[in-house]
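Please read the report that follows with the sequence and the structure side by side. It moves from single positions to elements and then to the chain as a whole.

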Amino acid sequence: MVSKEAEVADPSSGYVGKPFTLKFNAADGSAIDLAQMHGKVVLVDFWATWCGPCMKEVPNVVAAYNKYHGKGFEVIGISLDQNKDTMLKVTAQKGMSWPQYFDGKGWSNEISTALHIRAIPAMWLINKNGVIASTNARGNLEADIAKLLAE
């Protein structure tokens, strides 16, 4: 599900600059494989509906998606929710039209646990070559996306 590099990486050494692979079946049943997004900039957004700061970031992510999607930008959501109906309702209401990983395990979410995610929102930017460019994309999201798209 998560690349071997990410699974064995020491969280204190950081992930930036390391190749990243990710495969899963999204909440809508579609198969997601980050390798199929080669050549695109991808935001991996770890979030939950019950997380106030996450919900405050949603308009920024939606705006970035709407602005850059046609230029090669994708978003993958990793939901730490436990109620799938609530997650699907919020994503529909907020215009979060990108794929969402959901396993209902909350903080024990298989992907976030494998990647040592201990706080959300966590936003990782993956460059066009499938390498982690940032594990802290909050704040400068649009500028960081534009920079990576220009590379």
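## Ala-133 and the segment around Pro-19

Ala-133 has its place in strand 7, and in this predicted model its relative accessible area of 31% makes it partly exposed. Leaving out residues up to four places away in sequence, Ala-133 touches Val-16, Leu-125, Ile-126, Asn-127 and Leu-148. Of these partners, Leu-148 is also listed among the buried residues of helix 5, and strand 7, at residues 132–134, is one of the elements that cover the buried residues of that helix. The C-alpha atoms of Ala-133 and Ser-112, which are 21 residues apart along the chain, are separated by 18 Å.

A separation of 9.5 Å is found between the C-alpha atoms of Ala-133 and Pro-19, although these positions lie 114 residues apart in the count along the chain. Pro-19 belongs to the loop between helix 1 and strand 1 and, at 41% relative accessibility, counts as partly exposed. The loop between helix 1 (4–8) and strand 1 (23–25) also holds Leu-22, which is buried, with a relative accessible area of 1%. From Leu-22 to Gln-36, 14 residues apart along the chain, the C-alpha atoms are separated by 10 Å.

## Helix 5

Helix 5 runs over residues 141–150, and its buried residues are Leu-141, Ile-145, Leu-148 and Leu-149. Viewed down the helix axis, these buried residues of helix 5 fall within an arc of 100°, so they line one face of the helix. An α-helix has 3.6 residues a turn, so residues three or four places apart point the same way.

On the other side of helix 5, the exposed residues are Ala-143, Lys-147 and Ala-150. The cover over the buried residues of helix 5 includes strand 3, helix 2, strand 4 and strand 6, together with strand 7.

## Helix 3

Which residues of helix 3 are buried? In this helix, formed by residues 84–94, they are Met-87, Val-90 and Thr-91. Seen along the axis of helix 3, the buried residues fall within an arc of 100°, so they line one face of the helix. The face turned away from the buried side of helix 3 carries Asp-85, Lys-89, Ala-92 and Gln-93, which are exposed.

Covering the buried residues of helix 3 are elements that include strand 3 (41–47), helix 2 (52–68), strand 4 (73–79) and strand 5 (100–102). Strand 3, helix 2 and strand 4 thus appear in the cover of helix 3 and also in the cover of helix 5.

## The loop between helix 4 and strand 6

Two backbone features fall in the loop between helix 4 and strand 6, where both Pro-121 and His-116 are located. The peptide bond from Ile-120 to Pro-121 is cis, with omega near 5°; the loop that holds Pro-121 joins helix 4 (110–114) to strand 6 (122–126). His-116 has a positive phi of about 60°, although this residue is not a glycine, and His-116 counts as partly exposed at 27% relative accessibility.

## Trp-50

Trp-50 is found in the loop between strand 3 and helix 2, where a relative accessible area of 45% makes it partly exposed. Setting aside neighbours within four places in sequence, Trp-50 is in contact with Leu-80, Asp-81, Trp-107 and Ile-120, and Ile-120 is the residue that precedes Pro-121 at the cis peptide bond. The C-alpha atoms of Trp-50 and Ala-137, 87 residues apart along the chain, are separated by 20 Å.

## The chain as a whole

The chain has 5 helices and 7 strands, which follow the pattern α-β-β-β-α-β-α-β-α-β-β-α when read along the sequence. Along its principal axes the C-alpha trace spans about 40 × 35 × 30 Å. For 151 residues, a compact globule would have a radius of gyration near 15 Å, and the 14 Å of the chain agrees with this.

Of the 151 residues, 49% count as buried, and among contacts with a separation of 6 or more, residues 24 or more positions apart account for 64%. The chain exposes about 7,300 Å², of which carbon and sulfur atoms supply 50%. There are 15 positive and 15 negative side chains, with the centres of the two sets 4 Å apart.

Notes:
Residues numbered from 1 in each chain as written. Predicted model: local features only at pLDDT ≥ 70, side-chain atom pairs only at ≥ 80, totals over all residues. Heavy atoms only, no water. Helix = DSSP H or I, 4+ residues; strand = E, 2+ residues; numbered from the N terminus. Rg over C-alpha atoms; globule rule 2.2 N^0.38 Å. Buried < 20%, exposed > 50% of the residue type's maximum accessible area, 1.4 Å probe, protein only. Contact = heavy atoms within 4.5 Å. Areas by Shrake-Rupley, 256 points an atom, 1.4 Å probe, with all protein chains shown as cover. Lys, Arg positive; Asp, Glu negative; His and termini not counted. Charge placed at Lys NZ, Arg CZ, Asp CG, Glu CD. Arc of directions from axis to C-beta.
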